[in-house]
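This briefing is meant for someone meeting this structure for the first time. It begins with the ligand and its surroundings and then moves on to individual residues elsewhere in the chain.

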Amino acid sequence: MTTVYGVQFSPFVRKVLLVLQVKGVPYSNPQVNPMDPPKDFERVSPLGKIPAFEDDKVLLADSAVICDYLEQRYPENPLCPSDLVERARVKWLEKYADTEVVSALGPIFFERVLKPLVLQQMPDEEKISNIMSQSIPSIFDYLNNQLHGKKKFLHGNELTIADIATTTHFINLSYSKIEVDATKWPNLASYLKQMTELPLFKSFIESDQLLYAE
Ligand SMILES: N[C@@H](CCC(=O)N[C@@H](CS)C(=O)NCC(=O)O)C(=O)O
């Protein structure tokens, strides 16, 4: 059985689950919390991070490595173009989401959602407002420019791994009760609205809401 270890609230875990969903691969998803991992978790995740992945062929960690493996193993419903240049461009956008976007949105999700939920502590609103004024504008500007002309997808005319990698972080931003300001970043705001209305993302958001309600 294909197994993805990690809590569904993790944007990187969600990214891998979304890819499995697109590819139509059945999976199990044990809810591993990286702050309290099961014994021997390093067998599958040497750095102790989530997601970690296991199937009949490999043990893998890191969402980009896992998604690349899935793309090669299950080429149907492709999420990455085969053209050399187009592929490089999509991989860059995925990398940007995995590094830059998360570096700003991750700490906001931690403050607004995880801190109250897991640590029973109040969010540090000053920290959030500093991130909003200092880190967010250049990242949102960059993405907004990539979507110039109100493009439906970050690259080309089809959903790619770049869209999944990016949208998963913005789903957590919406759980942090922050919306992208459409007056400043109209392309990004309308792109995210369209993405989160796709059945693929919608069903994950709905099942997250069920988890929240527990
Ligand atoms: N580059 C990794 C990042 C994974 C990551 O940072 N996961 C977080 C949860 S969202 C984690 O496991 N944090 C615990 C830790 O760093 O020890 C990926 O794409 O999978």
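**The ligand and its surroundings**

In this predicted model, a nitrogen atom of the ligand lies 2.8 Å from a polar backbone atom of I50. The protein covers 66% of the 510 Å² of accessible area that the ligand has on its own. The ligand sits in the largest pocket, and the points below describe the residues around it before turning to other places in the chain.

*Contacts and shell of the ligand*

- Besides the backbone of I50, the side chain of D62 takes part, with one of its polar atoms placed 3.0 Å from a nitrogen atom of the ligand.
- An oxygen atom of the ligand is also involved, since the side chain of S63 has an N or O atom 2.6 Å away from that oxygen.
- The residues that surround the ligand are S10, P11, F12, P34, K49, I50, P51, D62 and S63.
- Sorted by class, this shell around the ligand is made up of 5 nonpolar, 2 polar and 2 charged residues.

*Backbone features*

- I50 and P51, which both belong to the ligand's surroundings, are joined by a cis peptide bond with an omega of about 5°.
- P51 is placed in the loop that runs between β2 (27-28) and β3 (52-54).
- D40 is found in the loop between β2 and β3 as well, and although D40 is not a glycine, its phi is positive, at about 70°.
- With a relative accessible area of 47%, D40 falls between the 20% and 50% cut-offs and therefore counts as partly exposed.
- K150, a residue other than glycine, likewise has a positive phi, near 50°, and its place is in the loop between α5 and α6 (161-175).
- The relative accessible area of K150 is 47%, so K150 is partly exposed.

*Buried residues in helices*

- D208 belongs to helix α8, which spans residues 199-213, and because its relative accessible area is 0%, D208 is buried.
- The side chain of D208 is engaged in a polar contact with the side chain of Y175, at a distance of 2.7 Å.
- L143 lies in helix α5, made of residues 136-146, and its relative accessibility of 2% is under the 20% cut-off, which means that L143 counts as buried.
- Measuring from C-alpha to C-alpha in the model, L143 and W185 are 8.7 Å apart in space, while 42 residues separate them in sequence.

*A partly exposed helix residue*

- Q194 has its place in helix α7, which covers residues 186-197, and since its relative accessibility is 30%, Q194 counts as partly exposed.
- Between Q194 and T99 there are 23 Å in space, taken from C-alpha to C-alpha, and the two residues are 95 residues apart in sequence.

Technical notes
Residues numbered from 1 in each chain as written. Predicted model: local features only at pLDDT ≥ 70, side-chain atom pairs only at ≥ 80, totals over all residues. Heavy atoms only, no water. Near = heavy atom within 4 Å. Polar contact = N/O pair within 3.5 Å; in protein donor to acceptor, adjacent residues only side chain to side chain. Areas by Shrake-Rupley, 256 points an atom, 1.4 Å probe, with all protein chains shown as cover. 1 Å grid on protein atoms, 1.4 Å probe; cavity = no way out; pocket = protein on both sides within 12 Å on 5 of 7 lines; lining within 4 Å. Sits in = over half its atoms within 2 Å of the grid points. Nonpolar A, V, L, I, M, F, W, Y, C, P; charged D, E, K, R; others polar. Helix = DSSP H or I, 4+ residues; strand = E, 2+ residues; numbered from the N terminus. Buried < 20%, exposed > 50% of the residue type's maximum accessible area, 1.4 Å probe, protein only.
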